[in-house]
Amino acid sequence: MTENLNIEVSPISRVEGHGDLVIDVKNKKVEELIMRIPESPRFFEAMLVGRNWSEPSHITSRICGICSVAHTYASIKATETAFGVKPSGQTLKLRKLIFHHECVQSNTLHVYFLAAPDFLGAGSVVPLVETHPDVVKIALRLKQTANEMVRIIGGRAVHPITTVVGGFTKIPTEEEMLKMKDMLKSTYPDLEKSLKILKTLKMPEFERETEYISLTDKKDYALYDGDIKSSDGWVIDGQQYLTKINEKVVRHSTGKHCWASRDSFLVGALARFNNNYDKLSDKAKTYAAELGLKIPCYNTFMNNFAQFVEIIHSIDDSIKLIDEIMEAGLDEDKAMADVNIKAGRGVGVVEAPRGLLIHDYTYNNEGNVLKANLIIPTNMNYANIEMDMDAYLPLIIDKSEDEIRLAMEMLIRAYDPCISCSTHFLNVKLVNK
Amino acid sequence: MSMHNSDSASNNAANINYKIIGFGNIFMSDDGIGIRVIEELNKINFSEDYRNVVLIDGGTSGIDLIFTLKESDRVIIIDAVDAGQDTGEIVKFKLNRLSEFNEKKFRSFSLHDISLAEVFNLMRSLNINPDITIIGIKPKLIDYGEKISPEIECKIPEIIFQIKQEIEH
């Protein structure tokens with residue numbers, strides 16, 4: 001083991017946002033190993049206070065360009081729960097449909113553009129155009145299809161505008177539904193090709209069992225709705241999240257650390273895969289098997305593959321949802337439910353691409369926000385990232401500094417952290433003392 | 001991205017179609033300047049006077065810019081840019097002058113999935129070559145906040161003047 005090592009990565013590239021990784025080893029002993037998040041995460045909560053009920057979903061959709069649909073719906077669900085609004089079955093299906101495609105947008109961005117360069121030996125996505133043009137072209141086609149899906153349903157490819165408390169201000173036409181189905185079907189050859197490429201990638205061998213927390217549902221592979229499930233054996237209604245999920249401020253970061261049944265837990269695609277494998281489509285299960293992804297999986301690096309498997313599931317389930325909506329017949333009268341304002345509290349819990357996302361609002365009689373609490377997936381993962389780094393470092397300490405730096409960055413990137421919404425930027429500097 | 005319609009051209013540069021894309025996060029203070037400029041152009045019905053122009057609120061999207069660029073001939077990008085100029089100073093340059101792009105250590109503050117520089121490099125690698133003009137202003141403050149600094153906000157008319165010049169000449 002290297003006797004002395006001081007690594008500071010500032011910023012860690014190819015993660016959403018900006019932050020620091022600090023590794024300090026003296027006399028073969030790890031003195032410090034932290035992810036430092038330097039900026040304030042509480043701005044949006046403060047900003048929501050005093051706002052009228054129709055505003056939070058539009059404001060919070062701007063928190064992040066990658067998770068705008070997830071923030072929109074965590075927000076809408078919190079408000080609908082507070083007021084007792086009951087959206088129609090058609091609305092719920094359209095919401096699940098748009099939700100799938102933010103997941104595809106984000107998972108595609110991460111798997112192909114942000115993580116693949118590590119595994120294919122490229123510094124970023126740009127050299128991949130030369131070395132692996134097929135990968136870049138497939139990624140762009142998938143991203144464009146997912147963008148188009150979100151645009152048709154949400155009115156825009158990012159920061160949707162048709163999605164409001166009660167339902168939709170505009171629903172897609174039958175023609176658009178059929179167009180979406182055709183677009184989805186056309187992705188299968190690209191997914192097949194991607195599978196062949198991904199199968200050649202070697203994920204680092206690293207296992208650390210932790211607590212996996214995600215939504216769960218009796219029928220669906222839960223993304224839009226469900227109860228909160230822990231691999232440590234509990235399931236709770238999302239409204240009761242405070243009975244299990246705790247937050248604490250840590251000295252080195254303004255992003256709060258979270259814990260539930262033990263010191264840390266993991267949220268995101270791998271948690272969803274571990275908790276809800278049986279609800280995946282058959283094809284997604286086949287792809288998982290081909291990639292060597294089995295439950296329970298304790299290798300964080302495999303989160304990259306879990307994200308890819310979720311893309312397959314989202315395509316399959318979207319086609320099913322479109323068929324169901326078409327069979328029932330699109331009905332403008334079911335686009336909006338009644339909204340009656342009243343004082344109360346509501347919690348909206350969804351699966352953002354990076355994991356569990358919670359919005360908790362309290363409203364007064366006029367429908368203005370009195371209090372807001374947002375818990376963001378990357379905050380939930382911080383403690384687990386640090387514990388993973390703690391366990392992984394001794395396994396690679398004999399490698400060169402450059403290799404250690406890259407390995408630790410890859411570990412952090414495997415979480416697909418989105419620091420821009422949990423806070424802002426991320427930074428790494430590597431110095432031998 | 002929201003699109004605001006324009007049919008046929010009716011102005012000086014009648015036959016050339018432009019896309020004006022503003023980038024930024026409206027909740028990150030001066031980072032939102034690109035979006036504020038687009039809002040202002042909508043408010044003054046810019047597309048009525050310049051019917052060959054499409055206005056686009058690009059938000060904080062990164063890689064998605066590729067799709068917009070792919071379908072464009074001429075693009076004007078409005079963003080918070082540090083090209084080594086003074087705070088509040090506006091820079092305007094053509095992206096196809098790559099040497100300038102590198103020399104000036106061009107840095108956009110807005111996009112956070114892949115960087116704007118990566119998007120441009122990727123675009124070149126993919127042989128997507130629209131004519132891109134960047135009009136950028138160096139921000140004073142990039143931090144959580146809804147308001148643009150007064151010394152940046154007061155430059156919006158000047159940015160719009162530069163946009164008009166770019167279209168008319």
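**Exercise 1. Work out whether A:F273 is buried or exposed, and what kind of ring pair it makes with A:Y277.**

Solution. Start with A:F273: its relative accessible area is 1%, so this residue is buried. Keep in mind that we're working with a predicted model here. Next, take the partner: A:Y277 comes out at 24%, between the 20% and 50% cut-offs, so it counts as partly exposed. Now look at the geometry. The ring centres of A:F273 and A:Y277 are 5.4 Å apart and the planes meet at 75°; an angle over 60 degrees is what edge-to-face requires, so that's the label for this pair. One more thing about A:Y277: the charged end of A:K285 sits over its ring, 5.6 Å from the centre.

**Exercise 2. Classify the pair A:Y287 and A:F308, then find which helices it ties together.**

Solution. First the numbers: centre to centre the two rings are 6.0 Å apart, with 35° between the planes. That angle is neither under 30 nor over 60 degrees, and the pair is called tilted. Then the location: A:Y287 belongs to helix α10 (residues 282–290) of chain A, while A:F308 belongs to helix α11 (residues 303–328) of chain A, so the contact joins parts 21 residues apart in sequence. Finally, accessibility: A:Y287 and A:F308 are both buried.

**Exercise 3. Look for further aromatic features: how many aromatic pairs does the structure hold, and which residues of chain A link into a cluster?**

Solution. Counting over all chains gives 14 aromatic pairs. For the cluster, follow the ring pairs and you'll connect A:W53, A:F83, A:Y361 and A:Y363. While you're hunting rings, check A:Y224 as well: A:K77 lies over its face, 4.8 Å from the ring centre.

**Exercise 4. Lay out the sheet that contains β6 of chain A and say which strands stand at its edges.**

Solution. Step one is the order: this is an open sheet of four strands, β8-β7-β6-β11 (chain A), and the pairing is mixed. Step two is the edges: β8 (235–236) and β11 (265–266) of chain A each have a single partner strand, so each has one side without a neighbour in the sheet. Step three is a closer look at one pairing. Strand β6 (residues 211–216) of chain A runs parallel to β11(A), with two bridges between them, and A:E211 has A:F265 as its bridge partner in β11(A). Last, add the helix: α9 (residues 269–276) of chain A packs on this sheet, touching β6, β7 (227–230) and β11 of chain A, and its direction makes about 75° with that of β6(A).

**Exercise 5. Do the same for the sheet β12-β13-β14 of chain A.**

Solution. Here you have three strands in an open sheet, with antiparallel pairing. The edge strands are β12 (344–352) and β14 (369–375) of chain A; each has a single partner, so one side of each lacks a neighbour in the sheet. Ignoring direction, neighbouring strands are turned by 15° against each other on average. Between β13 (residues 355–363) of chain A and β14(A) there are six bridges, and A:H359 stands opposite A:L374 of β14(A).

**Exercise 6. Decide where in chain B you should read with care.**

Solution. Begin with the whole chain: mean pLDDT is 79, and 79% of the residues reach 70 or more. Then find the weak stretches: pLDDT stays under 50 over residues 1–12 of chain B and again over residues 99–112 of chain B. Low pLDDT means the predicted coordinates shouldn't be read in detail.

Key:
Residues numbered from 1 in each chain as written. Chains lettered and ligands numbered in written order. Predicted model: local features only at pLDDT ≥ 70, side-chain atom pairs only at ≥ 80, totals over all residues. Heavy atoms only, no water. Pairing = 2+ DSSP bridges. Contact = heavy atoms within 4.5 Å. Axes fitted to C-alpha atoms, helices over the stretch in contact; angles between N-to-C directions. pLDDT = per-residue confidence, 0-100. Phe/Tyr/Trp six-rings, centres within 6.5 Å; stacked < 30°, edge-to-face > 60°. Buried < 20%, exposed > 50% of the residue type's maximum accessible area, 1.4 Å probe, protein only. Lys NZ or Arg CZ within 6 Å of the ring centre and 35° of its normal.
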